Amino acid sequence: MTALSLTGVHKSFGSVEVLRDINIDVEEGELVVFVGPSGCGKSTLLRIIAGLEDATEGDVNIAGQTVNHVPPSKRGIAMVFQSYALYPHLNVRGNMTLALKQQKQSKQEISARVAEASRMLDLHDYLDRYPSELSGGQRQRVAIGRAIVRQPKLFLFDEPLSNLDAALRVNTRIEIANLHKQLSTSMVYVTHDQTEAMTLADKIVVLRDGRVEQTGSPMELYNNPQNQFVAGFLGSPSMNFLPASLLDQSDPRTLGLRPEDITIEANGPFTAVVQHVEHLGGDTNLITRIGQHQTTVRLFGQHDIKDSQEVNLGFLKDKAYYFDNDGRRVS
Amino acid sequence: MEKSRPFNANMLLMHGALVVYMIIALFPVFVIVINSFKKRKSIFREPLALPDADSFSLIGYETVIKQGDFPLYFQNSMIVTVTSLFFILLFGAMAAYALSEYRFPGNKWMGLYLALGIMIPIRIGTVAILELMVSTGLVNTLTALILVYTAQGLPLAVFILSEFMHQISADLKNAARVDGLSEYKIFFRIVLPLVRPALATVAVFNMIPIWNDLWFPLILAPGEETKTLTLGSQIFIGQYVTNWNAVLAALSLAILPALFLYAIFSRQLIRGLTSGAVK
């Protein structure tokens, strides 16, 4: 059964159209990531799914039921907010139980669910603390715990990691992935960070300017992007775009090369000047310039290359992407 | 150590100024309280002297307790002040929430209209208010006073509270909506606890003028049954003779409940509850 399906969803604020004809299906147990640059409408879309915002047109269907006019609390969803949105005047237990008390669950049921959630998230020691007494990571876990105890049919995550520092972000990302495996509930996860999207998603939906650019598994999108935007958005460091006329004067297309598919070759077709070298230990990133065009090269292992050194670059022919002038992939 | 010295000097100056201000503000209160414990002659002979064995007297307090019905006046003042504050806070917070949370046509104009009352003193409308009270039969009731004070306090309450409510993050209210709280429950269980410091501020601002008011009790509720403390104390002030002992004693007693209410509200003022709500 489809956990969530969006059909022809439009949203405009006054005359500004923020979402255009969105059609997305989330299968049972799937973790779908909406990814896109800020302002692409991904958060608005999530709020429409949650029922915090009404779609101007189109249908939202959760677990086989059209919920266009169903209030958020009756949609069988739970949401984790970017700012955590913990109730500051309630302790951790109070935060987690508010919704259950609202549903008039029995006391045993409530304490059983809180115990289960706090076991999963390691929150035992904090149940009587207030949000102001917790660190960022702990607050995030409480926010997730508050979602878990409701046992929703669909989890909604709105950029849950963006307030955490880098190390904590990686850990929490793994925790969310584990959580998804344990609960096997469908999840919709919104982020602007392509690494989060690539590492977490069963399916990625790339959004730009209120439109779905492409949908597919992370590797599908990575290996087979339909347009220049998707190609450039996924992957880090991101894909290099060069005019194909550098190789063939008459070629009007744009050539897309991933940094790891470029190699240093003595008789390579490009001559580049190294501008900056990033030694990462495992990898070495060269930021070079081919004429006017900045090009990033990712070399595996450690290389002794100096700034302003001249290098010849080649690339793997079967890993080259070509785009036409509208950014559409042509080959 | 060298560096911290200017800082200390600043602190000293600041605290010095505050102490001076406190002395100026408290001095009249101090004079009222010490003189209420003195004989009439000593009040005039040495108004600033502390009561000693010779000048000490409780005559003022005795007069106050014997004459008139002071416990009743106390009760009236208390009822009027507390009830008015309750309604000001309740309706003020509700209006402020509606103005800050919901988008509807005329929202801004409504806010401006409600805030206009801050600039127009309610006493200008005294005659109209009196006529209204006469025709509704509310003259000489505490209800009349409560209604007027509620109206008087609402503009400032709406203004201050809507500013504070704007600052509550939308995520918090949305989280509550997802959790299944009704709009009323969000208001009472999420928003009100978070603006408690602001509620306390509004309460303190409104409490003192209501407690001290002489104008409306005199006009709307001068009957013996509905006299407030301020109005009740006036019986000791005559055109030719004033019973200063009794007036000072009555005023000293009148400070106590106000002080008590203030203590309740000011504890809320200090508490910063919003910290840790959202990052």
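This talk goes through a predicted model of a complex with chains A and B, from its confidence to its local backbone features.

I begin with confidence. For the complex, the predictor reports an ipTM of 0.82 and a pTM of 0.79. Chain B has an average pLDDT of 85, and 93% of its residues score at least 70. Among the elements of chain B, helix α6, residues 126–136, has the highest mean, 93, whereas helix α13, residues 244–270, has the lowest, 81. Please treat one stretch with reserve: over residues 272–279 of chain B the pLDDT stays under 50. The model nevertheless has 27 contacts beyond four places in sequence for that stretch.

Let me turn to the overall form of chain B. It contains 13 helices and 0 strands, so to speak a run of α elements from the N terminus on. Its C-alpha atoms fill a box of roughly 75 × 70 × 30 Å along the principal axes. The radius of gyration of chain B is 23 Å, while a compact globule of 279 residues would have one near 19 Å. Of these 279 residues, 34% count as buried. What share of the contacts between residues at least 6 apart in sequence joins residues at least 24 apart? In chain B, the share is 77%.

Next, the two chains together. In the model, 24 residues of chain A are in contact with 20 residues of chain B. On the chain A side, the elements that contribute two or more residues are β6 and α2. That side of chain A divides into 16 nonpolar residues, 8 polar residues and no charged ones.

I come now to the nonpolar cores. In soluble globular proteins, nonpolar side chains tend to be buried together. The largest nonpolar core here has 134 residues. Those with the most contacts inside this core are A:V33, A:L156, A:V188, B:L145 and B:L161. Helix α7 of chain B, residues 142–166, supplies the largest share of the core, 15 residues. Another core, of 12 residues, lies apart from it and includes B:L229, B:L248, B:A249 and B:A250. To return to A:V188, which residues is it in contact with, leaving aside its neighbours within four places in sequence? They are A:L4, A:V26, A:V32, A:F34, A:L46, A:I49, A:L154 and A:L156.

Two of those partners, A:L46 and A:I49, are among the buried residues of helix α1 of chain A. This helix covers residues 42–50, and 8 of its 9 residues are buried, so the rest of the structure largely encloses it. The buried set also includes A:K42 and A:R47. Directly after the helix comes A:G51, with a positive phi near 90°.

Helix α4 of chain A is a second mostly covered element, with 10 of its 13 residues buried. The buried residues run from A:R139 through A:Q140, A:R141, A:V142, A:A143, A:I144, A:G145, A:R146 and A:A147 to A:I148. What covers them includes β6, α2, α3, β7 and α5 of chain A. Is the length of this helix as expected or not? At 1.5 Å a residue, its 13 residues should span 18 Å, and its end C-alpha atoms are 18 Å apart, which agrees.

Finally, some local features. Most residues other than glycine have a negative phi, and most peptide bonds are trans. A:A63 is not a glycine, yet its phi is positive, about 50°. This residue sits in the loop between β4 and β5 of chain A, and it counts as partly exposed because it has 17 C-beta neighbours inside 10 Å. In chain B, B:N140 likewise has a positive phi, about 65°, although it is not a glycine. B:N140 lies in the loop between α6 and α7 and is partly exposed, with 16 other C-beta atoms within 10 Å. A cis peptide bond, with omega about -5°, joins A:S236 and A:P237; A:P237 is in the loop between α8 and β11 of chain A.

My last residue is A:D304, in the loop between β16 and β17 of chain A. Why does A:D304 count as exposed? It has 8 other C-beta atoms within 10 Å, and the exposed class extends to 12 or fewer. A:D304 is 45 residues from A:P259 in sequence, and their C-alpha atoms are 18 Å apart.

Technical notes. Residues numbered from 1 in each chain as written. Chains lettered and ligands numbered in written order. Predicted model: local features only at pLDDT ≥ 70, side-chain atom pairs only at ≥ 80, totals over all residues. Helix = DSSP H or I, 4+ residues; strand = E, 2+ residues; numbered from the N terminus. Expected span 1.5 Å × (residues − 1). Buried ≥ 20, exposed ≤ 12 C-beta atoms within 10 Å, placed from the backbone. Contact = placed C-beta atoms within 7 Å. Nonpolar A, V, L, I, M, F, W, Y, C, P; charged D, E, K, R; others polar. Rg over C-alpha atoms; globule rule 2.2 N^0.38 Å. pLDDT = per-residue confidence, 0-100. Core = buried A, V, L, I, M, F, W, Y, C linked by C-beta atoms within 7 Å.
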